[in-house]
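Reader: Could you take me through one part of this structure up close? I'm in my first year, so please spell out the terms as you go.

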Amino acid sequence: MSKNQTSVKTLESQEGVPAGAPGASSGLDRYDIAILQALQRDARLSNAELATRIGLSAAPTWRRVKWLEEQGFITGYRAEIDRRKVGLGVLAFVRVDADRNNGASTKVLEEALRQLPEVISCHYISGTGTFELQVMATDLDAFSRFTIDTLLHLPNVKDVHTRFSLGEVKAAGVTPLGHLGAA
């Protein structure tokens, strides 16, 4: 067991959390889960506010947040921006079909897609196609230019298929943690 795991396990025993508590298989206890839930709702909470919300004192809360960051449970913090307010009126879902579907050519295309700021998410997909992208653009003309001048010129792209968002029902959702147990 690493030093960080030992300190968290010591914290758990100090706080009276049994080893078989919900989330234990992931190494998380109810306080860790509560921290993740609270920070997903508001990452700007001060450590003192966070500690109050989860029912621990400030020092163990701070240590737990640092441990969650070090272990990769928390991968970053960022502001959510309304794309329309900054002039990005188009959100498109783009399926990219690769010309050759082998490891080397797919990695080259993957790296090229990673470099495009207009592509806000990219996933390997099952079924028809190789990648599913979410792409933002200022308007349809800008999206068209991006597709013709950039996407279709990427290495190993055979075809693209586009669908446009007509309105967002839910966006920037939080990661569901219910399977880890109640916080």
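Author: Let's go straight to the second largest pocket, which has a volume of about 160 Å³. This is a predicted model, so local features need pLDDT of at least 70 and side-chain atom pairs count only at pLDDT 80 or more, while totals for chains, interfaces and linings use all residues. Residues are numbered from 1 along each chain as its sequence is written, and side-chain values use heavy atoms, with hydrogens and water left out.

What counts as a pocket here? On a 1 Å grid over the protein atoms alone, a pocket is an open set of points with protein on both sides within 12 Å along at least five of seven lines, whereas a cavity is a set of points where a 1.4 Å probe fits but cannot get out; lining residues have an atom within 4 Å of a point. Grid points are joined across faces, edges and corners, and the volume is the space filled by probe spheres set on the points.

Now for the walls. Lining the second largest pocket are E110, L113, R114, V119, I120, S121, C122, H123, Y124 and F131. Two elements give two or more residues to this lining: α5 (103-114) and β2. The labels come from DSSP runs, numbered from the N terminus: helices are H or I with at least four residues, and strands are E with at least two. β2 supplies the largest share of this lining, six residues. Sorted by class, the lining has six nonpolar, two polar and two charged residues. For that sorting, Ala, Val, Leu, Ile, Met, Phe, Trp, Tyr, Cys and Pro are nonpolar, Asp, Glu, Lys and Arg are charged, and the others, Gly among them, are polar.

Since β2 came up so much, let's follow that strand. Strand β2 runs antiparallel to β3 (residues 131-137), and five bridges join the two. Two strands pair if DSSP finds at least two bridges between them. You can spot some of the partners by eye: V119 has V135 in β3 as its bridge partner, and S121 stands opposite Q134 in β3. β2 and β3 form a hairpin with six residues between them, and G127 in the turn has a positive phi of about 80°.

Zoom out a bit and you'll see an open sheet of four strands, in the order β2-β3-β1-β4, with antiparallel pairing. β2 (119-124) and β4 (157-164) each have a single partner strand and stand at the edges, so one side of each is left without a neighbour in the sheet. From one strand to the next, the twist averages 20°. Angles like this run from 0 to 180 degrees between N-to-C directions, and axes are lines fitted to C-alpha atoms, for helices over the stretch in contact.

Over in strand β1 you'll find R95. Leaving aside neighbours within four places in sequence, R95 is in contact with I125, T128, G129, F131, E132, D159, V160 and H161, where contact means heavy atoms within 4.5 Å. So F131 turns up twice, as it also lines the second largest pocket. The C-alpha atoms of R95 and R163 are separated by 8.6 Å, and these residues sit 68 residues apart along the chain.

What about the largest pocket? Its volume is about 1,500 Å³. There are 36 residues lining the largest pocket, and the closest to its centre are R78, A79, E80, A172 and G173. β2 appears here as well: the elements giving two or more residues to this lining are α2 (30-41), β1 (90-98), β2 and β3. In the largest pocket, though, the largest share of the lining comes from α2, with four residues. By class, the lining of the largest pocket divides into 18 nonpolar, eight polar and 10 charged residues.
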